[in-house]
Amino acid sequence: DLEDQEHCQEIVEFSERGVQRTSSLTNLWLGGPILRDKLWFFSSYEFVQAFSNSYRVSAPRNFTGHYFQSKLTWQPVSRQKLTLSFQADPTYISRTRQSPYVPVAAEADQKQGGQLWSLDHLWFFSDRLVLKNQLTLKTGYVDVFPNSGDLSTPGNGGSVGAQNSENYGFYSYNRRSRLQFDPKATYYLDDFFGDHELAVGGSVTGLKESTLSGRPGNIWFVD
């Protein structure tokens, strides 16, 4: 089994009118055999957090990300191999606007991320012919909403140097999923006026998207 852990921290400070940033990173991973010469696994986790504070802004932006990756490989016979892979990256970003004209009450938050599932089948049909099939499911989301979480109170936008107030004036929830199948056959032709690789394949894809957006309280005020 393999195991490693790394933690590092970096702080960067700019001038008085600049941006102050603090970030941290943690990595963990583990892998090895489950059944000797038959079944293997690998898994990793990464945590990322970063704070950035702009000049004259009371609260910093907070970027927090969790990144997961796992893989399971099975070789039932010497010429065939199946690999199941998984990835995910849920991320939360608070107080995204970072403007001196936007107080915390009128700030926006954002959630983003998705998942990736993949199943690969590799078959060495002969010494010259290799067949590969891949089935992939990918999902993703990006959500923008008031920092308060309140979708009922209208936002109030300041004009001519005035501050925003009451609430962030917009929300949006976006979803996307993609299912794809990729078969491929490769034939290796050697010693025929050189060495050649002949391949044929295809791709079948299904895509689904949805978006829900609007304004809290279905209205937006400007002062």
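In this predicted model, the hairpin formed by β10 and β11 has six residues between its strands, and Asp-191 there takes a positive phi near 60 degrees. The strands on either side of that turn, β10 and strand β11 (residues 196-201), run antiparallel and are joined by six bridges. One of these pairings sets Thr-186 against Ala-199, its bridge partner in β11.

Strand β10 also has other partners. Strand β8, covering residues 129-146, pairs with β10 (residues 171-189) in the antiparallel sense over 16 bridges. Within that pairing, Val-142 stands opposite Asn-174 of β10. A further antiparallel arrangement links β10 to strand β12 (residues 204-214) through 11 bridges. Here Ser-177 has Lys-208 of β12 as its bridge partner. Strand β10 is thus described by antiparallel pairings with β8, with β12 and with β11.

A second group of strands can be followed from β3. Strand β3 (residues 39-54) and strand β4 (residues 61-77) run antiparallel, joined by 14 bridges. Gln-49 stands opposite Thr-64 in β4. The two strands form a hairpin with six residues between them, and in its turn Arg-56 has a positive phi of about 65 degrees.

From β4 the path continues to β5 by way of another hairpin, in which two residues connect the strands. Strand β5 spans residues 80-88 and runs antiparallel to β4, with eight bridges between them. In this pairing, Lys-71 finds its bridge partner in Ser-85 of β5. Strand β4 additionally pairs with strand β6 (residues 91-94), again in the antiparallel sense, over four bridges. Gly-65 stands opposite Thr-91 of β6.

The remaining point of interest is a tryptophan. Trp-123 is found in strand β7, which comprises residues 108-124. Is this side chain's residue buried, partly exposed or exposed? Trp-123 counts as partly exposed because its relative accessibility is 29%, a value that lies between the limit of 20% for buried and that of 50% for exposed.

The surroundings of Trp-123 include residues from other parts of the chain. Leaving aside residues up to four places away in sequence, Trp-123 touches Arg-79, Gln-80, Leu-129, Val-130 and Leu-131. The C-alpha atoms of Trp-123 and Leu-82 are separated by 8.9 Å, although the two residues lie 41 residues apart along the chain.

Methods. Residues are numbered from 1 along each chain as its sequence is written. This is a predicted model: local features need pLDDT of at least 70, side-chain atom pairs count only at pLDDT 80 or more; totals for chains, interfaces and linings use all residues. Side-chain values use heavy atoms; hydrogens and water are left out. Two strands pair if DSSP finds at least two bridges between them. Buried means under 20% relative accessible area, exposed over 50%, partly exposed in between (1.4 Å probe, protein chains only). Contact means heavy atoms within 4.5 Å.
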